[in-house]
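Dear colleague,

Please find the structure below, with the findings set out after it. Kindly keep it open while reading.

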Amino acid sequence: QVQLVESGGGLVQAGGSLRLSCSASGREFSGYDMGWFRQAPGQVREFVAGIRWSGGTKDYLESVAGRFTISRHNDGKMLYLQMNSLKPEDTAVYYCAVDSEKWRTTNIERSNTAYDLWGRGTKVTVAS
């Protein structure tokens, strides 16, 4: 069974940190860009961070750049998001996702339509 399973969410005070993990299983994931998205209540799902299949290129939503760090295992079976200096506006359900295109050479995709495998999400709540 092909699946992505996120973990590491929870309740944290503003200024605190969390580390999200995403475990991928059921098929090969090397060669695929991977990303983190989030969806706050009543909002559309938005791109947070993406990482190239090689791990060499990363892209961040402007509002999280400098606070969040995305990383992955080379085999693509683990994806992480280190979140520091959390703000109440970071409150959302966070999802990991795998790009549908293998060996992508164009820019890391920010559109959720480019990703065809999704986890069920992990909830992050940042209290003010």
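Beyond its neighbours within four places in sequence, Glu 6 is in contact with ten residues that include Ser 21, Cys 22, Trp 36, Tyr 94, Tyr 95, Cys 96 and Arg 120; contact means heavy atoms within 4.5 Å. This is a predicted model, in which local features need pLDDT of at least 70 and side-chain atom pairs count only at pLDDT 80 or more, while totals for chains, interfaces and linings use all residues. Residues are numbered from 1 along each chain as its sequence is written, and side-chain values use heavy atoms, with hydrogens and water left out.

Glu 6 belongs to strand β1, residues 3–7; strands (E, at least two residues) are DSSP runs, numbered from the N terminus. What does the side chain of Glu 6 reach at 2.9 Å? The partner is the backbone nitrogen of Cys 96. At 3.1 Å, the side chain of Glu 6 also reaches the backbone nitrogen of Arg 120. Glu 6 is buried yet has no salt bridge, and the nearest side chain of opposite charge, Arg 45, is 7.4 Å away. Here buried means under 20% relative accessible area, exposed over 50% and partly exposed in between (1.4 Å probe, protein chains only). Lys and Arg count as positive, Asp and Glu as negative, and His and the chain ends are not counted. A salt bridge is a side-chain nitrogen of Lys or Arg within 4 Å of a carboxyl oxygen of Asp or Glu.

The whole structure holds 10 salt bridges. One of them joins Glu 28 and Lys 102, with the closest N and O atoms 3.3 Å apart. Glu 28 lies in the loop between β3 (18–25) and β4, and Lys 102 in strand β9, so this pair ties together parts that are 74 residues apart in sequence. Glu 28 is partly exposed, at 45% relative accessibility, and Lys 102 is partly exposed at 29%.

Strand β9 also contains Asp 99. Is Asp 99 buried or exposed? Asp 99 counts as buried because its relative accessible area is 0%. The side chain of Asp 99 forms a salt bridge with that of Arg 104 (2.5 Å, N to O), and Arg 104 is likewise buried, at 6%. Arg 104 also meets Glu 101 in a salt bridge, at 3.8 Å, N to O. Glu 101 is partly exposed, with a relative accessible area of 38%. In addition, the backbone nitrogen of Glu 101 lies 3.0 Å from a polar atom of the side chain of Asp 99.

The aromatic residues come next. The search of the whole structure finds 5 aromatic pairs; rings of Phe, Tyr and Trp (its six-membered ring) pair if their centres lie within 6.5 Å, and planes under 30 degrees apart count as stacked, over 60 as edge-to-face and the rest as tilted. Among these pairs, Phe 37 and Tyr 115 are edge-to-face, with 5.0 Å from centre to centre and 75 degrees between the planes. Phe 37 lies in strand β4 (residues 32–39) and Tyr 115 in strand β10 (residues 115–118), so the pair ties together parts that are 78 residues apart in sequence. Both Phe 37 and Tyr 115 are buried. Phe 37, Phe 47, Tyr 115 and Trp 118 form one aromatic cluster.

Yours faithfully

Definitions and conventions
Helices (H or I, at least four residues) and strands (E, at least two) are DSSP runs, numbered from the N terminus. A polar contact is a pair of N or O atoms within 3.5 Å; within protein, one must be able to donate a hydrogen and the other to accept it, and residues adjacent in sequence count only if both atoms are side-chain atoms.
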